[in-house]
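Trainee: Please choose one part of this structure and take me through it closely, starting with what surrounds it and then following the neighbouring elements outwards. I am new to it, so please explain each term as it comes up.

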Amino acid sequence: MIEVEAYRRVADRAVGRTITEVVAPDDWYLKGGTTALALRGAATGRTVAGSRRIGKLLLLDTDGPTLGLRFGMTGRLLVDGTGPIEKLEYSSGRDDPSWVRFTLRFVCGGDLQVVDPRRLGGVLLDPGLGHLGPDALALRPAQLRDALLASRAPLKAWLLDQGRVAGIGNLLADEILWRAGLDPVRSARSLDPDEAKALHRHLRRTIRLLTTRGGSHTGDLQVARVRGATCPKDGTPLLRRAIGGRTTYSCPLHQR
Ligand SMILES: [Zn+2]
């Protein structure tokens with residue numbers, strides 16, 4: 001979500017501009033049953049009204065349809081050829097023209113492009129949002145606590161479940177739990193009120209901090225995401241486990 005929030009700000013540069021052409025050359029990249037023809041028909045001649053973010057989904061509102069943009073791990077958003085200054089961990093920074101999966105051209109020149117070497121993102125037309133939970137930064141402490149109480153899932157899997165809380169990816173989840181001192185395999189409902197409060201506090205702080213630093217790969221635990229590494233806090237050898245299908249690093253000493 002940290003990267004997507006940066007793209008949301010980039011997308012704001014397109015607000016007020018009218019779309020003259022929609023270029024969607026890669027059918028694989030069009031999700032939710034939409035087609036290049038449908039996108040062209042719906043968006044051409046429309047004016048970009050604003051941008052929103054829910055979790056990892058960027059929404060581009062127009063005076064007609066809303067376009068949903070997903071970036072996966074390698075997607076980037078450019079407006080008039082430039083994006084956020086930070087370079088993503090997984091991208092090389094060198095663009096091949098064939099990586100441009102989606103382009104909106106504007107009436108007075110300039111364009112908005114999604115560049116994605118690995119095609120893990122996608123474009124949606126009027127995406128349904130019912131499957132997304134509240135954005136992680138919008139959650140109030142009581143909401144978080146109620147949502148935790150409703151689930152037996154391991155904390156790590158719970159944080160990654162976009163239907164419960166939208167916007168938290170693998171690296172960010174590990175960093176939050178490491179900072180909060182919570183064991184990723186504990187069931188969500190096992191947190192006592194103080195632990196739930198601590199999770200809420202560290203969730204917000206961690207997102208803000210890593211946003212300032214430039215991405216979800218800038219956490220303190222990141223350097224320790226290799227076999228045999230030790231906890232940057234206390235030097236204990238870290239655990240490496242698969243939880244909820246994702247590689248998870250945690251400290252057996254201070255995460256309980
Ligand atoms: Zn530790």
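Mentor: Let us start with the lining of the largest pocket, which by class has 13 nonpolar, 11 polar and 6 charged residues (Ala, Val, Leu, Ile, Met, Phe, Trp, Tyr, Cys and Pro count as nonpolar, Asp, Glu, Lys and Arg as charged, and the others, Gly among them, as polar). Please keep in mind that this is a predicted model, in which local features need pLDDT of at least 70, side-chain atom pairs count only at pLDDT 80 or more, and totals for chains, interfaces and linings use all residues. Residues are numbered from 1 along each chain as its sequence is written, and side-chain values use heavy atoms, with hydrogens and water left out.

The largest pocket has a volume of about 670 Å³ (the space filled by probe spheres set on grid points that are joined across faces, edges and corners). Of the 30 residues in its lining, Lys56, Gly72, Met73, Gly169 and Ser216 are the closest to the centre of the pocket. On a 1 Å grid over the protein atoms alone, a pocket is an open set of points with protein on both sides within 12 Å along at least five of seven lines, a cavity is a set where a 1.4 Å probe fits but cannot get out, and lining residues have an atom within 4 Å of a point. At least two residues of the pocket lining come from each of helix H1, helix H5 and strand S10 (246-250), where helices (H or I, at least four residues) and strands (E, at least two) are DSSP runs numbered from the N terminus.

Take H1 next, which spans residues 2-11. Because 9 of its 10 residues are buried, H1 is largely enclosed by the rest of the structure (buried means under 20% relative accessible area, exposed over 50%, and partly exposed in between, with a 1.4 Å probe and protein chains only). The buried residues of H1 are Ile2, Glu3, Val4, Glu5, Ala6, Tyr7, Arg8, Val10 and Ala11. If you look for what they pack against, you will find strands S2, S3 (57-62) and S5 (76-79), together with helices H5 and H6, contact here meaning heavy atoms within 4.5 Å.

Charged residues of H1 also deserve a careful look, beginning with Glu5, which forms a salt bridge with Arg53 whose closest N and O atoms are 2.9 Å apart (a side-chain nitrogen of Lys or Arg within 4 Å of a carboxyl oxygen of Asp or Glu). This pair links distant parts of the chain, since Glu5 is in H1 while Arg53 is in S2 (residues 48-54), 48 residues apart. Both Glu5 and Arg53 are buried. A further salt bridge joins the side chains of Asp12 and Arg8, at 3.2 Å from N to O; Asp12 is partly exposed because its relative accessible area is 34%, whereas Arg8, at 17% relative accessibility, counts as buried. These residues belong to a wider network of salt bridges that links Glu5, Arg8, Arg9, Asp12, Arg53 and Asp135.

From H1 we can move to H5, which also supplies residues to the pocket lining. H5 covers residues 170-180 and gives the most, 3 residues, to the lining of the largest cavity. A search of the whole structure finds 1 cavity of 30 Å³ or more, and about 50 Å³ of space lies in the largest cavity. Its lining is made up of Leu171, Asp174, Glu175, Leu210, Ser216, Gly219, Leu221, Gln222 and Arg225, and by class these are 3 nonpolar, 3 polar and 3 charged residues. Notice that Ser216 is in the lining of the cavity and is also among the lining residues named as closest to the centre of the largest pocket.

H5 has a salt bridge of its own to follow, in which the side chains of Arg179 and Asp220 meet at 3.2 Å from N to O. Here again the pair links distant parts of the chain, with Arg179 in H5 and Asp220 in the loop between H6 (193-213) and strand S9 (239-243), 41 residues apart. Asp220 counts as partly exposed because its relative accessible area is 31%. For the structure as a whole, the count comes to 18 salt bridges by the rule given above.
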